[in-house]
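Here are my notes for your setup work. Please read them with the structure open.

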Amino acid sequence: MAILIQNPIVLRSFVARVILFALKKEGEVDMLFYLFDCYMMILSKLQSPKIISLEQLREERYASVLCYPHYSAREAVGRIRELNRLGVEAIEFAGEKTAFNVPVLGKGCVGIVVIACMKTGRVALKIRRMDADRTGMEHEAEMLAKANSVGIGPHLIGISDDFLLMEYVEGVLLPKWTANVRGRESRKRIRQVLRDILEQCWKLDEAGLDHGELSRAPKHIIVDAADKAHIVDFETASIMRRVSNVTSVCQYLFLGSQLAKTLQKRLGVTKSEVLISALRDYKQERTSQNFLGILQACRLT
Ligand SMILES: Nc1ncnc2c1ncn2[C@@H]1O[C@H](COP(=O)(O)OP(=O)(O)O)[C@@H](O)[C@H]1O
Ligand SMILES: [Mg+2]
């Protein structure tokens with residue numbers, strides 16, 4: 001509650017959410033959420049990003065993010081040294097998520113993702129959480145490198161015990177992108193993005209790399225300003241498991257999620273029996289013909 005009162009932006013967004021919740025009952029939900037997202041975007045643009053040098057990172061406020069969620073001054077010093085060795089010069093705290101009230105790009109069970117500044121430019125830095133059930137980042141780096149070899153995922157830049165550096169994908173998570181896309185071309189643009197996602201999943205299937213978290217992927221597909229989709233987070237990916245990227249993502253996009261419902265509203269209903277049958281064929285025999293059958297069932301051809 002104290003955070004709410006002290007921070008005017010959090011307070012305003014809380015008030016806006018409450019108003020929206022009340023209005024939601026009256027209908028016109030999509031429009032209201034669209035206006036709300038615009039409002040939040042303007043607020044986040046007004047908030048100037050904080051660029052913090054490695055020296056300043058020692059301050060507890062920022063070091064807590066480096067050691068999320070268990071701050072330790074000793075651990076922070078070690079991690080700052082690790083960043084220095086990786087060639088990181090500063091951290092830019094910006095984004096719509098927060099860790100201990102500091103803005104970040106994203107937060108998951110394993111990592112906190114922030115923008116890092118290097119000589120070569122801005123990159124994404126995944127910080128291993130202190131409570132993560134992983135001892136290092138090598139597995140994720142290996143899986144991401146494998147995805148990169150077939151042109152998928154943010155480019156891997158560097159890795160250490162507690163960090164993974166990769167290309168910064170500047171964009172919006174798929175559910176929000178879908179909710180915000182407006183105008184005459186919107187259906188066409190949504191279809192192109194969905195097709196792009198399915199084709200990337202097909203490439204991953206062909207490469208024998210199973211992402212592992214695509215059946216519920218509200219936070220794992222980012223769409224950039226050029227409408228290009230980027231699949232992120234190869235932390236649970238595997239080359240040992242049977243691949244199910246195409247079938248999992250279809251489940252998420254067309255059959256069983258909040259996004260599937262939104263997409264049906266925007267694009268019309270996908271006949272689930274037809275899609276399920278196409279997915280069954282593809283599961284039995286992973287051929288390009290059967291993949292095409294899925295695209296057709298999703299009306300993406
Ligand atoms: N390369 C990237 N560029 C921009 N944002 C990213 C990038 N990688 C991850 N993110 C954001 O950070 C969030 C958390 O990252 P993720 O890899 O999913 O962490 P975890 O393994 O802990 O789930 C993602 O949902 C996404 O919003
Ligand atoms: Mg994740």
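The points below go from the overall fold to the ligand, a helix pair and some backbone details.

1. **Status and overall make-up.** This is a predicted model. The protein has 12 helices and 12 strands. Buried residues account for 34% of its 301 residues. Take the contacts in the protein with a separation of 6 or more: 62% of them link residues 24 or more positions apart.

2. **Ligand shell.** Which residues come closest to ligand 1? They are Gly-106, Gly-108, Val-113, Lys-219 and Asp-233, out of 20 that surround ligand 1. Three elements each give two or more residues to this shell: strand 6 (111-118), strand 7 (121-128) and strand 9 (163-167). By class, the shell has 12 nonpolar residues, three polar and five charged.

3. **Ligand placement.** Where does ligand 1 lie with respect to the domains? Domain 2 (50-168) gives residues to the shell, and so does domain 3 (172-297); therefore ligand 1 lies between them.

4. **Helix pair.** Helix 8 (residues 186-207) packs with helix 9 (residues 245-255). The angle is about 155°, and the axes are 8 Å apart. Angles over 145 degrees count as roughly antiparallel, so helix 8 is roughly antiparallel to helix 9. From helix 8, the contact uses Leu-194, Ile-197, Leu-198, Cys-201, Trp-202, Leu-204 and Asp-205. Helix 9 contributes Asn-245, Val-246, Val-249 and Leu-253. By class, this contact has nine nonpolar residues, one polar and one charged.

5. **Cis peptide.** Most peptide bonds are trans. The bond that joins Tyr-68 and Pro-69 is cis, with omega about 0°. Pro-69 sits in the loop between helix 4 (60-66) and helix 5 (73-86). Please check that your preparation step keeps this bond as modelled.

6. **Positive phi at Phe-100.** Most residues other than glycine have a negative phi. Phe-100 is not a glycine, yet its phi is positive, about 50°. Its place is the loop between strand 3 (97-99) and strand 4 (102-104). Is Phe-100 buried or partly exposed? Phe-100 counts as partly exposed, because it has 15 C-beta neighbours inside 10 Å.

7. **Positive phi at Asp-227.** Asp-227, also a residue other than glycine, has a positive phi near 65°. Asp-227 lies in the loop between strand 11 (221-224) and strand 12 (229-231). With 16 C-beta neighbours inside 10 Å, Asp-227 falls short of the 20 needed to be buried, so Asp-227 counts as partly exposed.

Notes
Residues numbered from 1 in each chain as written. Chains lettered and ligands numbered in written order. Predicted model: local features only at pLDDT ≥ 70, side-chain atom pairs only at ≥ 80, totals over all residues. Near = placed C-beta within 6 Å. Helix = DSSP H or I, 4+ residues; strand = E, 2+ residues; numbered from the N terminus. Nonpolar A, V, L, I, M, F, W, Y, C, P; charged D, E, K, R; others polar. Domains from an automatic or database assignment. Buried ≥ 20, exposed ≤ 12 C-beta atoms within 10 Å, placed from the backbone. Contact = placed C-beta atoms within 7 Å. Axes fitted to C-alpha atoms, helices over the stretch in contact; angles between N-to-C directions. Parallel < 35°, antiparallel > 145°, perpendicular 65-115°, else oblique.
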